[in-house]
Amino acid sequence: MGREIRSYLGRALAYALVLEAMLAAAILYWPQFRDNLPAILKLVPSRVMGGMVDAIVKGGATSYVNLQHFFKGCHALGGAAAVLFAMGAVAGEAHRGTLEMWLARPLSRKRILCERYALGALAVALPVFATSATIPWLLSLVHEKARLSPYLLGSTHESVFLLAIYSATFLLSAVGSRPTAIAFAMLLSLVLEFALYLVMEATHGSIFRLADLEDFTRIFERGSLDWRVCGPLVLFSAACLAASLAAFERRVP
Amino acid sequence: MQASAQPIPSDRRIVTRGLSRSFGKKVALHPIDLDLGPGQIVGLLGPNGSGKSTLLRALMGLVRPDSGRAFVDGVEVSGDGTAVRRRSTYAPGEIALYGEMKGAAHLEWLLRGRGREAGKKARAIASDLGLPLEKKVRAYSHGMKRQLLLSAALAPEVGVRILDEATEGLDPSRRGVVLERLADDAARGTTILLSSHHLGEVDRACDVLVFLSEGKKIAEEAAASVAERARRLVRLSFDEGVEMGKVSERLSRFEGARVRIEGLRATVTLGSAEPSTFLSSVLSAPDLPRPRAAEYGELSLSDLYREIYGVEGC
C-alpha cells in the first residue's frame, strides 16, 4: 500500500498547504476587512452575498473565518480536491491499463477498493481539520480570541459535505474508464450548483446550502453538529460507497 | 450457472466444465472443458481474439463466467476469485505498469499478500534475468517490463501459474531462461498454463497444447503428438495454370492423405511420417502435374494448425 499512501499523502500535503495559505491570508486581512465592512456591504452585488456580509457584521471574526475557511477555501479547493482525488480511483487504472494488474494480486476487490476509498477520503478530510486547528493561533495574530473545538466541529461538517462530493465522484470512477471526463462533469456540476446558490430564488436547491454559513453559525452557537444535515450526507456517502463496491465486484479488467 | 455433466476429478490442478463468457452479443468463450494435471506445462494457443485471455481471466476470477464451473488447485473459482489467486499466480498479457515506481518497489507492490520469501525469490529471478531493479519502470523496455511481471509471477510457492503471453517481447536468450525456469518449476509439480499467439514461441516447452479459435477449443493434444503430426505434413507448390481442383482430387486418392488447397499450394497430411514413398508416387503419377517445389519435415506447428484448422494469425 506504500505507493498509494505516498501518492495520496503528496496530494493531501499540497492541498493542505494551499488551504493554509488561503486561510492565513484571509485572517491576516481581517482587521482591514472589519474596518471596511460598511463600504463592502454597499458594494455586495447579490442578495445572497449580502446575507453573508450581514452575518459577518453580526458574528464578527468567527463568521468571517467560517466564511473564508469553510465556505470559500474548503468548498472551492476541497470540492476540487474531492473530485480530483476520486476521479482516478478506478477509472484511472482502467485508463492507463493497470486495472488487471491491480486486481490480479491475491487481495479481495472489497479490500482494495475500500483501502483506496479510505485513503482518498482521509486526503480530502485531514487537511480541513489540520488547517482548522491553526485558526486560534492565526486569529491571535490579529488580536482575536477563538476556541478550537467549534472549528473542529465545523471541520467535521465540512468534511462530511466534501466526502459526499468525493463519494459521488468515486462511484463514477468505479463504473467509468475516463477520469478526465468524470472530473470535468463533476467540476461543471459543482460550478452550476454554486451558480444556483447565488440566485436568491433558487438558492435552496443548491447542494451548497447543505454546508452554508448559517450551518456553521448554528454549529458554533449550539456547540454540536446538526445531524439533520450531516446524517443524510453520511448516508449518501455510504450509499455511493456501497454502489461502488457492487459495481467494482463485477468490473471486467 | 449450468455446467457440463462431466465429473470434477480431484487430482487435477485446473478443471473447467462448460465455462463460457460473452461480452454483449459477442461470445468470447464457448463452453469449454479442461483437465490439467500437476506438473504439466500447457500451452494455450490461438490467434488474437480467440478467447485465450478471457479463459485465463475467468480462471483467476478476474472475469465472471456466464456459465460453467472452474477449479484451480482444488478451489472453485467463485466471487472475486481471491481464494484462487492466493493459490496461484498470474501474469497479465497486457503490459501496463506504474512508470513512476522503481523496479524493486514495483515488484514488492505486485507481490503484496505473498510473504517475504516471495519477494526475495522474485528479486533473485529478476537479477538472473538481468533486470535493473534500481531503475524506474518508465525507463524499462517492453521486454524488461515483461520480465518484471514474470519475476513476480514465478516467485511465490504455488500449485498453479497462469501466464498470459508469457514470452511475448522477450529476446531469445531471456525466453530460454524463462522457459527453463518453467520446466524446473513443472518438474517440482507446479501446473503451468501459458498462452501465446505465436505458436513457435512456447510449443517446445509444453507437454500439452490446447488450441482456441473464435472462443472454441478446437484441439487439445500432447505436444509430442502434434510435433509428430507436423512431420507428416508435405506441401507441394505448383506452377501457374495448374488446375488445383484436379490436383486436390488426385492427391486425395493416396491412402490416408488429407489435402488442403491454398492458391497454388497443396498441403497434404500423410498417414505416416515417411514421405518418400508418397513423393516418389507424386513424381511418377502421369495424371498429376509435376510440382514446382515440395517441402516436408520442416513445416512449423503454426503451419500444421493453419493447414488443419484453416486458422490464420498464429
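This passage describes the fold of chain B, its contact with chain A, and the surroundings of one residue, A:Glu93. The structure is a predicted model, in which local features need pLDDT of at least 70 and side-chain atom pairs count only at pLDDT 80 or more, whereas totals for chains, interfaces and linings use all residues. Residues are numbered from 1 along each chain as its sequence is written, and chains are lettered from A and ligands numbered from 1 in the order in which they are written.

Chain B contains eleven helices and 14 strands; helices (H or I, at least four residues) and strands (E, at least two) are DSSP runs, numbered from the N terminus. Along the principal axes, its C-alpha atoms fill a box of roughly 75 × 45 × 35 Å. Of the 314 residues in chain B, 44% are buried (20 or more other C-beta atoms within 10 Å of the residue's own, with C-beta atoms placed from the backbone).

The contact between the chains takes 17 residues from chain A and 21 residues from chain B, two residues being in contact if their C-beta atoms, placed from the backbone, lie within 7 Å. On the side of chain A that touches chain B, helix 6 (residues 99–103) gives the most, with three residues.

A:Glu93 is found in helix 5 (residues 91–96) of chain A. This residue is buried because 24 other C-beta atoms lie within 10 Å. Not counting residues up to four places away in sequence, A:Glu93 touches A:Thr98, A:Leu99 and A:Trp102. The C-alpha atoms of A:Glu93 and A:Arg11 are separated by 17 Å, the two residues being 82 residues apart along the chain.

Methods. A residue is buried if 20 or more other C-beta atoms lie within 10 Å of its own, exposed if 12 or fewer, and partly exposed in between; C-beta atoms are placed from the backbone.
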